[in-house]
Amino acid sequence: SLHDALPISNPPANPGGLRSQAGPPLNLTVTMLFCTGSNSHGQLGLGDTLDRHSFAAVPSLPSAPASLALGANHSLALLPDGQLYTSGSNTRGQLGPAAPSTTFAHLPLELILGALVDPDRANLGSAGAWVVTGVAAAWETSFVHLRSRNADRADALVSMGANDWGEAGTATPTGQVNLVSFSHLLPRPTTLFKISYLAASPRHVLVSLDLPSESLVVGWGAARHGQLGSVSARTIPLPTHIPLPLSTTILQLALGRDHSALLVRTADSPPSTLLLGSNKHGQTSLPSAGTTSVVQIGCTWSGTYLLDASLTRVVCAGSNTHGQLAASTSPSCSSCTISLPPHRTVTRLVCGSEHVLALCDAPAGPEVWAWGWNEHGNLGDATVEDARELKRVWPPTGAEETHGPVVDLWAGNATSWIRRS
C-alpha cells in the first residue's frame with residue numbers, strides 16, 4: 001500500500017541469477033494483477049495515460065508482484081524472485097536509470113548500482129551479491145531495499161529521485177541515485193543491521209533497523225509537524241533516531257502526509273499505537289490502547305485507521321471530507337468506528353491518499369470493500385463519485401465466477417491494485 005509497512009521477508013533461499021535487461025518472457029495468458037484510478041503518466045502500466053474507473057488487467061508483468069510501491073505518478077513492482085519493474089513518470093529521477101514508460105519495464109539491479117557514485121558503488125560491489133527485498137515510494141522518490149546473499153553483511157537502502165524535503169535521506173540534489181547511510185546512528189560504523197520495516201509518505205520516511213542487541217526506529221524528510229518525533233527542524237535530510245521506550249518492539253509502521261503511526265509492543269503489554277505529528281484533522285487523537293488489541297494500522301494523508309482484534313471493526317480518526325471515515329457525516333472526527341458488513345472479517349487493510357480498501361473473508365470467498373475519495377475512479381466501482389459508505393468493489397456483482405479470489409491488495413495516490421490468485 002501507499003504508506004503502511006509490513007514485515008520485510010528474507011530473500012529466497014535459492015534466488016536465481018539476475019536476468020538481462022529485457023527481463024523474463026511475459027505470460028499474457030493468466031493475468032493476476034488488476035488496477036484502477038489515476039493514470040496521467042502511465043503509472044498503471046496499461047500502455048496508455050487514461051484513467052480507469054474499473055479494475056483493469058495489467059498485462060506487462062511476467063508474474064504477480066510480491067509488493068508494490070506507489071508514488072505520485074510512478075510505480076514499482078517487486079516480483080517474488082527479486083526482479084524489479086517500473087512504470088510511469090521519471091521527471092525527477094524517481095525511476096533512477098529507467099526510462100519513463102506506460103507499461104512495466106524491467107529495471108536490472110546492475111543499472112541501479114551502476115548509477116551510484118564512488119565510494120558507494122565500490123562498497124556495494126556486484127549486483128549479484130544482493131537481492132532486492134523491498135520497495136517504497138514517496139511522492140517523487142523511490143527506495144530499493146537490498147539484502148546481501150551473505151548473512152553477515154548489513155542491508156543497504158538506495159534512494160532515487162526528488163529531495164525537496166530531505167526525503168531522499170541524503171544531502172544530495174534531486175535526481176541522483178543515492179545510498180542512504182545509517183553509520184552515524186550505529187554503535188560502530190561496521191555494526192551489522194537488517195532493515196525490518198520501511199515506510200514512506202509523500203514527504204517523510206521511517207525505517208526500523210534491527211541491530212544485534214537492539215532495534216532502532218529512524219526517520220528523515222519533512223519534520224515540521226512532529227511526524228519524526230520531538231525535533232524542531234522543518235526538514236531532516238539525514239536519518240535521525242526516534243527514541244522509543246526500552247523493550248519496544250515494532251510491529252508495523254504507517255505514514256500519512258504529516259503524521260506517523262507505529263504499532264508497537266512494549267515488554268509483555270498488548271500491542272498499542274504511537275501517533276506522531278499533525279493533529280489538524282484529529283488524526284493523532286486516537287487513544288494509544290483500547291479495550292481490544294490492534295492488529296493492523298493504516299494511514300491516509302490525513303487519517304488514521306486501526307483494525308481491532310475482532311477483525312470486524314476499524315477505529316479511525318481524521319479528515320472525512322470525501323467519506324474516508326465512512327461511519328461519520330462530519331468533516332472530521334477524533335474517534336469513530338466503522339463496522340464491516342455481517343459475516344465478514346478483514347484480512348488486510350490498506351490506505352491510499354484519501355481512500356481505503358479492506359480485503360475480507362466472506363461466506364462465498366474473498367471480497368474487497370472500499371470507501372472514500374474516488375475522483376479518478378480509484379475505488380474501481382465504475383464511477384467517480386466518493387463512497388461515504390462501504391462498497392463492495394470485488395468481485396463486481398454478477399461477475400463472481402469470472403473474477404477469481406483476491407490474495408493481496410495495495411492502495412496508492414488515487415490508485416488501487418488487486419492481486420488475484
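Here is a walk through this predicted model, from its overall build to a few local details.

Let us begin with the whole chain. The protein has three helices and 28 strands. Its C-alpha atoms fit a box of roughly 55 × 50 × 35 Å along the principal axes. For 421 residues, a compact globule would have a radius of gyration near 22 Å, and the protein, with 20 Å, agrees with that. As for burial, 57% of the 421 residues count as buried.

With the overall picture in place, we can turn to the aromatic side chains. A pair of aromatic rings is described by the distance of the centres and the angle of the planes. The structure holds seven aromatic pairs. One of them joins Phe-104 and Trp-417 in an edge-to-face arrangement, with 6.2 Å from centre to centre and 70 degrees between the planes. Phe-104 belongs to strand β7 (residues 101-106) and Trp-417 to strand β28 (residues 415-420), so this pair ties together parts that lie 313 residues apart in sequence. Phe-104 and Trp-417 are both buried. Elsewhere, Phe-143, Phe-182, Phe-193 and Trp-220 come together as one aromatic cluster. Keep Phe-193 in mind, as we will meet this residue again at a pocket. Another ring to look at is that of Trp-165: Arg-203 lies over its face, at 4.4 Å from the ring centre.

Now for the empty space. Rolling a probe the size of a water molecule over the atoms shows where empty space is left. The second largest pocket holds about 420 Å³ of space. It is lined by 20 residues, and those closest to its centre are Ala-154, Asp-155, Leu-179, Pro-189 and Phe-193. Two or more lining residues come from each of the elements α2 (120-124) and β10 (156-161). Of the elements, α2 gives the most to this lining, with three residues. What is the chemical character of the lining? Twelve of its residues are nonpolar, five are polar and three are charged.

The backbone has some points worth a visit too. Most residues other than glycine have a negative phi, and most peptide bonds are trans. Against that background, look first at the bond from Asp-118 to Pro-119, which is cis, with omega near 10 degrees. Pro-119 sits in the loop between α1 (109-114) and α2, and α2 is the helix we met at the pocket lining. A cis peptide bond also joins Trp-394 and Pro-395, here with omega about -5 degrees. Pro-395 is found in the loop between β26 (387-394) and α3 (400-403).

Two residues then stand out by their phi. His-343 is not a glycine, yet its phi is positive, at about 65 degrees. You will find His-343 in the loop between β22 (332-339) and β23 (345-351). Is His-343 buried or exposed? His-343 is exposed, with a relative accessible area of 68%. Ala-382 likewise has a positive phi, near 70 degrees, in a residue other than glycine. Its place is the loop between β25 (367-372) and β26. With a relative accessible area of 53%, Ala-382 counts as exposed, whereas Phe-104 and Trp-417 of the edge-to-face pair are buried.

Definitions and conventions: Residues numbered from 1 in each chain as written. Predicted model: local features only at pLDDT ≥ 70, side-chain atom pairs only at ≥ 80, totals over all residues. Heavy atoms only, no water. Phe/Tyr/Trp six-rings, centres within 6.5 Å; stacked < 30°, edge-to-face > 60°. Helix = DSSP H or I, 4+ residues; strand = E, 2+ residues; numbered from the N terminus. Buried < 20%, exposed > 50% of the residue type's maximum accessible area, 1.4 Å probe, protein only. Lys NZ or Arg CZ within 6 Å of the ring centre and 35° of its normal. 1 Å grid on protein atoms, 1.4 Å probe; cavity = no way out; pocket = protein on both sides within 12 Å on 5 of 7 lines; lining within 4 Å. Points joined across faces, edges and corners; volume = space filled by probe spheres on them. Nonpolar A, V, L, I, M, F, W, Y, C, P; charged D, E, K, R; others polar. Rg over C-alpha atoms; globule rule 2.2 N^0.38 Å.
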